[in-house]
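This report describes the strand pairing and helix packing of one protein chain. The structure is shown first, and the description follows.

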Amino acid sequence: MSLAEVRATLPPCWRVEQAMDSRYLFIFFKTNSSCSTSWLHPDPNFDLSLYFPPLVPKHCPKYEALSYAWGIDTTVSPIIVDSRPGQPGTSLWIRPNLLVALQHLRTSRTARTLWIDAICINQDDGIEKATQITKMGSIYSLAYRVVIWLGPEKDDSDIALSVLKEVGFQVESPSQSSIYPSPVATRPNLWRSDTPLSLDQNVRDAIKSLVLRPWFYRLCVIQEVQLASTISILQCGPHDISLPVFVNSLQFLAQNSMTYVPASTMASCRRLPSKSPSYLLRHVAMLNCSEPRDKIYGLLALLPQSL
């Protein structure tokens, strides 16, 4: 059911919004400044399947798509691929940012299938690159999840992610102007602007350093995030955080002026309220791309097919 259709079924004092993970958040307003929330419709007899989306998409083949900043360092290092017993394998040359990402993302016990543009697309073949650009929307939307690589651990990024996780599980932020308590909140009053949350200066600095990382200023991330599944994650060094939890936390902290969150960071991570060409172009004006034409190619999968 659409959001409007579900709203039409609600009793007085109830409201429903779509959360960052695409689930419907049901909100009961006790007073103007007090509310409770639930993932379930207030009518216990209402069919759950009509409004509760599947949490884990079923994709075949199952793969993850990597979203990362290439970096300005163009030096390359070799990695060995397709190595088998008795065969030395082949050398593949990649940039430092991707090398560090692969070193953190690989697992010692199980195979992991990642789609990575610098590896899966021949960067020396202009025709192949042009062809693959038109398929980027399908690649990211069909991925089991998108893994956003922010870079190695530094500047207390582990502390920043720990705090963001803690806060993000307490609140839900369906839009840029709304904050509600999470149905699973252990601090149900934290969402209120008059409820104090103490953050030490070192924590504020750590979060600021994290959200100023280069990934948040790439134009292409808009397309990659908008098409990502709701179970996608951000990873920094060995630590990760779910994308919806990350956005909920940042929105809460920014709205309550508890830390510095640049507009580009929220622009990179939030679901867009509109995908009209004029809105998209205004939305990405603050973001970077290596070539001017990428202002269009970086948004191609989000634009109407009639264009």
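## Strand β11 and its sheet

Gly151 stands opposite Cys236 in β11. The model is a predicted one, and the pairing described here is computed from it. The two residues belong to a parallel pairing: strand β8 (residues 145–151) and β11 are joined over four bridges. With strand β12 (residues 239–242), β11 pairs in the antiparallel sense, again over four bridges. In that pairing, Ile233 has Ser242 of β12 as its bridge partner, and Leu234 is matched with Ile241 of β12.

Two residues separate β11 and β12, which form a hairpin. Gly237 lies in the turn and has a positive phi of about 60°.

How do the side chains of β11 (residues 233–236) point? Ile233 and Gln235 are directed one way and Leu234 and Cys236 the other way, and all are buried. In general, side chains in a regular strand alternate between the two faces of the sheet.

These strands are part of an open sheet of five strands with the order β7-β4-β8-β11-β12 and mixed pairing. The edge strands are β7 (114–115) and β12, each of which pairs on one side only. Helix α6 (residues 157–168) packs on this sheet, where α6 touches β11 and β12, and the direction of α6 makes about 25° with that of β12. Helix α9 (residues 243–255) also packs on the sheet; α9 touches β8, β11 and β12, and its direction makes about 80° with that of β12.

The pairings with a stated number of bridges are listed below.

| Strand pair | Sense | Bridges |
|---|---|---|
| β8 and β11 | parallel | four bridges |
| β11 and β12 | antiparallel | four bridges |
| β1 and β2 | antiparallel | five bridges |

## Helices α6 and α7

Besides packing on the five-stranded sheet, α6 meets helix α7 (residues 201–211), and the axes of the two helices come within 8 Å and cross at roughly 95°. α6 and α7 are therefore roughly perpendicular to each other. On the α6 side, the contact involves Ser157, Ile159, Ala160, Leu161, Val163 and Leu164. On the α7 side are Asn202, Val203, Ala206, Ile207 and Leu210. By class, the residues of this contact comprise nine nonpolar, two polar and no charged.

## The three-stranded sheet

An open sheet of three strands has the order β1-β2-β3, and its pairing is antiparallel. β1 (14–18) and β3 (34–38) are its edge strands, each pairing on one side only. Neighbouring strands of this sheet are turned by 30° against each other on average, with direction ignored. β1 pairs with strand β2 (residues 24–31) over five bridges, and Arg15 has Ile27 in β2 as its bridge partner.

## The chain as a whole

The chain has 307 residues, of which 43% count as buried. Its secondary structure comes to 12 helices and 12 strands. Among the contacts with a separation of 6 or more, 62% are between residues 24 or more positions apart. The exposed area of the chain is about 16100 Å², and carbon and sulfur atoms supply 54% of that area.

Note on methods
Residues are numbered from 1 along each chain as its sequence is written. This is a predicted model: local features need pLDDT of at least 70, side-chain atom pairs count only at pLDDT 80 or more; totals for chains, interfaces and linings use all residues. Side-chain values use heavy atoms; hydrogens and water are left out. Two strands pair if DSSP finds at least two bridges between them. Axes are lines fitted to C-alpha atoms, for helices over the stretch in contact, and angles run from 0 to 180 degrees between N-to-C directions. Buried means under 20% relative accessible area, exposed over 50%, partly exposed in between (1.4 Å probe, protein chains only). Contact means heavy atoms within 4.5 Å. Accessible areas come from the Shrake-Rupley method with a 1.4 Å probe; for residues, only the protein chains shown count as cover. Angles under 35 degrees count as roughly parallel, over 145 as roughly antiparallel, 65 to 115 as roughly perpendicular and the rest as oblique. Ala, Val, Leu, Ile, Met, Phe, Trp, Tyr, Cys and Pro count as nonpolar, Asp, Glu, Lys and Arg as charged, and the others, Gly among them, as polar.
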